[in-house]
Amino acid sequence: MTQRFVSRGLTLAALAAVSVLAACESGPSKAELEAQRLAAEAAARQPPPIALNDGVAQAASIYVAYLREAGTIQPGGFDSAEAVQSALRKGVAYDPAQLSRGLIAYGAILALQSPEFVAGVRQYAIDPAQRQQIVAQIVADPAYAATFPGADAAAGLITDAISKDALAVRVIGEAIEQDAYTIQERTDPRRRWAVAHIQNREERLEGAKTLSAAQMLPSAEDSARLLTAASSGSGLGVTPSRKAPPYTPAVTRSLAIAALAALGAAGDEARANTEALTVETNNEFCLNMSKLMLYQCLAASRPSYEDMFCLGRHVVRDVASCTTTAVLSPIITVGDPQETGVTPAASAAQTAVAVTPAPTQTPAPSN
């Protein structure tokens, strides 16, 4: 009797185990399947995450680092000829192409600080086919990015932040330029060394050219901070602002890179696109012309007060002027550029950085 009870218990246990196994083999329940389906549909309605390659952040870090360094140049009041030369070496240490590309890259990260612009772009990233079509349109015509909702908010952030930085640098340049006159006054105790002729003038000019040609290295710390700000949409402490079109080519290209990032299409696989978008010939031309004017100024300069003028006008102030023009002065083509041989933008930039003779109030001593 006991044996039959044990056998029956074993049989019932075996049957229960078989039932459990059968239930497992039959797969998830209808409720579970429905939940999975709804989750998949919800995921399909989400755009891809914001994606920006670190090449853009590195380019932006070069611009940010140089502007920060330029902001530490002494605004006049130099106490020795060497102090002038030290400031000159600090100021000339930028490559025009790199600085121009960095400005546009930084502008893109500033644009990504606008929730309105990012949301305006990302609403078109849900459908994969539409997303690819829009990406192709932006790459073919960067100005297309300026048509997205919130573009004026993003453009406002770009122009406000960059023009404020440029203004701070311009103030330094104008102060240095003014001090080049002040230091010549007979009552200024610095006049003695300021009017004396500079030693090794040719070496000083060649040194400026060498520093100008050196490649600028990105800051790892700034790059990481900027990349985080691009992904999170915060961290740069920008002030909300709006700017209506038309936009400069530099601002347009910054918006284009930011739009690609918001579409999830500016990651490592898209480096070729983002690098091409950072190239803007008008701003590069302006900065290159500034360098040429600087070299001419230094070649003609003899006393230290003239080097002060070259520093204030053709290093500090010109960088600020080119930067401001890049974000605030739309380029409007008038007539056929082929007829004149130079674009209106190039002509304007050339005029802006035309050679101005070094100031002279009193002649240098003859001995």
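# A tour from the pocket outward

Begin with the lining of the largest pocket: helix H3 (54-70), helix H5 (96-111) and H13 each supply at least two of its residues. The model on screen is predicted. Color H3 on its own, since that helix gives the most to this lining, with five residues.

Next, fill the pocket. Its space comes to about 260 Å³. The lining counts 15 residues, and those closest to the pocket centre are Gly-55, Gln-58, Ala-59, Arg-101 and Glu-275. Show these as sticks.

**Stop: Thr-278**

Stay with Glu-275 and select Thr-278. The side chain of Thr-278 reaches the backbone oxygen of Glu-275 at 2.7 Å. Thr-278 sits in the loop between helix H13 (271-277) and helix H14 (281-300). Is Thr-278 buried or exposed? Its relative accessible area is 8%, so Thr-278 is buried, the cut-off being under 20%. Now display what touches Thr-278. Beyond four places in sequence, the contacts of Thr-278 are Ser-100, Arg-101, Ile-104, Ala-105 and Ile-257. Arg-101 has already appeared, among the residues closest to the centre of the largest pocket.

**Stop: the nonpolar core**

Hide the pocket and select the largest nonpolar core, a set of 93 residues. Which residues have the most contacts inside this core? They are Leu-52, Tyr-66, Phe-78, Tyr-106, Phe-117 and Leu-255. Then highlight helix H15 (residues 304-328), which gives the most to this core, with 12 residues.

Center on Leu-255. Not counting residues up to four places away in sequence, Leu-255 touches Ala-111, Phe-117 and Tyr-247. The same list for Leu-255 also holds Ile-158 and a run of alanines: Ala-145, Ala-146, Ala-151, Ala-154 and Ala-155.

**Stop: Ala-259**

Move along to Ala-259, in helix H12 (residues 249-262). Ala-259 has 0% relative accessibility, so Ala-259 counts as buried. Which residues touch Ala-259, leaving aside neighbours within four places in sequence? They are Phe-117, Val-121, Ile-138, Ala-145 and Phe-148. Phe-117 and Ala-145 are also listed as touching Leu-255. Now draw a distance from Ala-259 to Arg-122. Their C-alpha atoms are separated by 8.4 Å, though the two residues lie 137 positions apart along the chain.

**Stop: two backbone details**

Select Pro-245 and Pro-246. The peptide bond from Pro-245 to Pro-246 is cis, with omega near 10 degrees. Pro-246 belongs to the loop between helix H11 (220-232) and H12.

Then jump to Asn-200. Where is Asn-200? Look in the loop between helix H9 (191-194) and helix H10 (201-213). Phi of Asn-200 is near 55 degrees, a positive value in a residue other than glycine. With a relative accessible area of 52%, Asn-200 is exposed, because the cut-off for that is over 50%.

**Last view: the whole protein**

Zoom out and switch to cartoon. The secondary structure comes to 17 helices and zero strands. Color by burial: buried residues make up 45% of the 367 residues. Then turn on the surface. The accessible surface comes to about 18200 Å², and 58% of that belongs to carbon and sulfur atoms. Finally, plot a contact map. Of the contacts with a separation of 6 or more, 88% come from residues 24 or more positions apart.

Terms used: Residues numbered from 1 in each chain as written. Predicted model: local features only at pLDDT ≥ 70, side-chain atom pairs only at ≥ 80, totals over all residues. Heavy atoms only, no water. Helix = DSSP H or I, 4+ residues; strand = E, 2+ residues; numbered from the N terminus. Buried < 20%, exposed > 50% of the residue type's maximum accessible area, 1.4 Å probe, protein only. Contact = heavy atoms within 4.5 Å. Areas by Shrake-Rupley, 256 points an atom, 1.4 Å probe, with all protein chains shown as cover. Core = buried A, V, L, I, M, F, W, Y, C linked by side-chain atoms within 4.5 Å. Polar contact = N/O pair within 3.5 Å; in protein donor to acceptor, adjacent residues only side chain to side chain. 1 Å grid on protein atoms, 1.4 Å probe; cavity = no way out; pocket = protein on both sides within 12 Å on 5 of 7 lines; lining within 4 Å. Points joined across faces, edges and corners; volume = space filled by probe spheres on them.
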